[in-house]
Amino acid sequence: MSILSLKNINYCYPLENEPVIQDVSFALEKGKVYGVIGENESGKTTLCNIMRGFIPNLYKGTLRGEVTFKDKSISEYNIGELAAHIGYSFQNPFTQISGVKDTVYEEIAYGMENLGIPRDKMTQRVDELIVLFQLEKLKDQNPFELSGGQKQLVALASVVALDPEIIILDEPTSQLDPKSTEDIFQIVEYLKKAGKTIFLVEHKVDLLAEYCDEIFLLYDGRLVMQGKTAEVLSDESILQYRVQLPQVTLFYLKLVGKKGKVPLTVAETFKALKGSGE
Ligand SMILES: Nc1ncnc2c1ncn2[C@@H]1O[C@H](COP(=O)(O)OP(=O)(O)OP(=O)(O)O)[C@@H](O)[C@H]1O
Ligand SMILES: [Mg+2]
């Protein structure tokens, strides 16, 4: 069942002549993880803003087409109401920090406070998130004193706190080291198991290969490819759109060629090489 869908979306920023999103259509199914790749300025963040209703509400400009959340156009929801359904972790974590709370703990609770969630439920949830995001040591710190990567974790925890059905993550690991990046993907896996639908903009294709059900590829504002992860990320033709293939996939294609099932992960590569007798 589709939970959110875009139909023939075209968008032009105010005072611009060229559309930055062109004829994009797709439907997200509940409980799936979608990886979104595309070179810089290909329109990934713009697309996230459209899905969350910030475009056209805040950015204005000209939006054509239809965005539907649960069989109702998102223009029929008010933007605050949508916050409870569609979580959004911004590309720049500095934008996300509220600036009105003195501790990480309160920052994570802030969105829930705004939604009027009862105090005991709120503290229980924040406590759980502190553990899930491994923020125990930081919980009493001022959010502004955190590193970029730590802010990114707190921002994501604040989004997850609202328990939205769809979670849009715009490059959530851009400022994180490899260990914390893996942790975020583990959290994505946890959210998927909890039935959430995840729209994950991310350049790290090696990890997308492991965790995503489907991949969307944007190029110059167009959705040039969409499909099962194993199909899209094993297809050399995506290189023309200036995105990468997983390292092991590239290695396999060079060594063996397009024989059998092209592997996307280290484990799959071992299996495939054994099978091919290389
Ligand atoms: N507020 C704005 N006003 C006008 N043009 C904009 C605005 N924001 C983005 N753009 C343009 O829209 C296009 C898509 O930008 P967008 O930020 O959506 O791409 P992106 O794929 O998220 O890029 P990145 O990988 O750098 O985050 C770019 O050409 C960009 O210059
Ligand atoms: Mg972006």
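A residue counts as exposed when its relative accessible area is over 50%, as buried when it is under 20%, and as partly exposed in between. Keep that in mind for the exercises below, and remember that this is a predicted model.

**Exercise 1. Find out which parts of the chain Arg242 and Glu39 link, and whether Arg242 is buried or exposed.**

Step 1. Start with the contact: Arg242 and Glu39 form a salt bridge whose closest N and O atoms are 3.0 Å apart.
Step 2. Now place both residues. Arg242 sits in the loop between α10 (229-232) and α11 (247-255), while Glu39 belongs to the loop between β3 (33-37) and α1. They are 203 residues apart, so the pair links distant parts of the chain.
Step 3. Arg242 has a relative accessible area of 54%, and because exposed means over 50%, Arg242 is exposed.

**Exercise 2. Work out where Lys101 and Glu113 lie and how accessible each one is.**

Step 1. The two side chains form a salt bridge, with 3.3 Å between the closest N and O atoms.
Step 2. Lys101 is in the loop between α4 and α5 (104-114), and Glu113 is in helix α5, twelve residues apart.
Step 3. Compare each value with the cut-offs. Lys101, at 17%, is buried, whereas Glu113, at 35%, is partly exposed.

**Exercise 3. Locate the salt bridge between Arg125 and Glu128.**

Step 1. The N to O distance is 3.6 Å.
Step 2. Both residues lie in helix α6 (residues 119-132), three residues apart, which is about one turn of the helix.
Step 3. Glu128 has 41% relative accessibility and counts as partly exposed.
Step 4. For the wider picture, a search of the whole structure finds ten salt bridges. Glu29, Lys32 and Glu214 are linked in a network of salt bridges.

**Exercise 4. Identify the protein donors of the magnesium ion (ligand 2) and the parts of the chain they tie together.**

Step 1. The donors are Thr45, through OG1, and Gln91, through OE1, at 2.0 to 2.2 Å from the ion.
Step 2. Thr45 lies in helix α1 (residues 44-51) and Gln91 in the loop between β6 and α4 (93-96), so the pair ties together parts that are 46 residues apart in sequence.
Step 3. Thr45 is partly exposed at 27% relative accessibility, and Gln91 is partly exposed at 35%.

**Exercise 5. Describe the surroundings of strand β6 (residues 86-89).**

Step 1. Check the two faces: Ile86 and Tyr88 are buried on one side, and Gly87 and Ser89 are buried on the other, so both faces are covered.
Step 2. Look for a partner strand. Four bridges join β6 to β7 (residues 166-170), and the two strands run parallel.
Step 3. Pick out one bridge: Gly87 has Ile167 of β7 as its partner.

Technical notes
Residues are numbered from 1 along each chain as its sequence is written. Chains are lettered from A and ligands numbered from 1 in the order in which they are written. This is a predicted model: local features need pLDDT of at least 70, side-chain atom pairs count only at pLDDT 80 or more; totals for chains, interfaces and linings use all residues. Side-chain values use heavy atoms; hydrogens and water are left out. Buried means under 20% relative accessible area, exposed over 50%, partly exposed in between (1.4 Å probe, protein chains only). Two strands pair if DSSP finds at least two bridges between them. Donors are N, O and S atoms within 2.8 Å of the metal (3.2 Å for Na, K and Ca); water is not among the atoms, so sites may look incomplete. A salt bridge is a side-chain nitrogen of Lys or Arg within 4 Å of a carboxyl oxygen of Asp or Glu.
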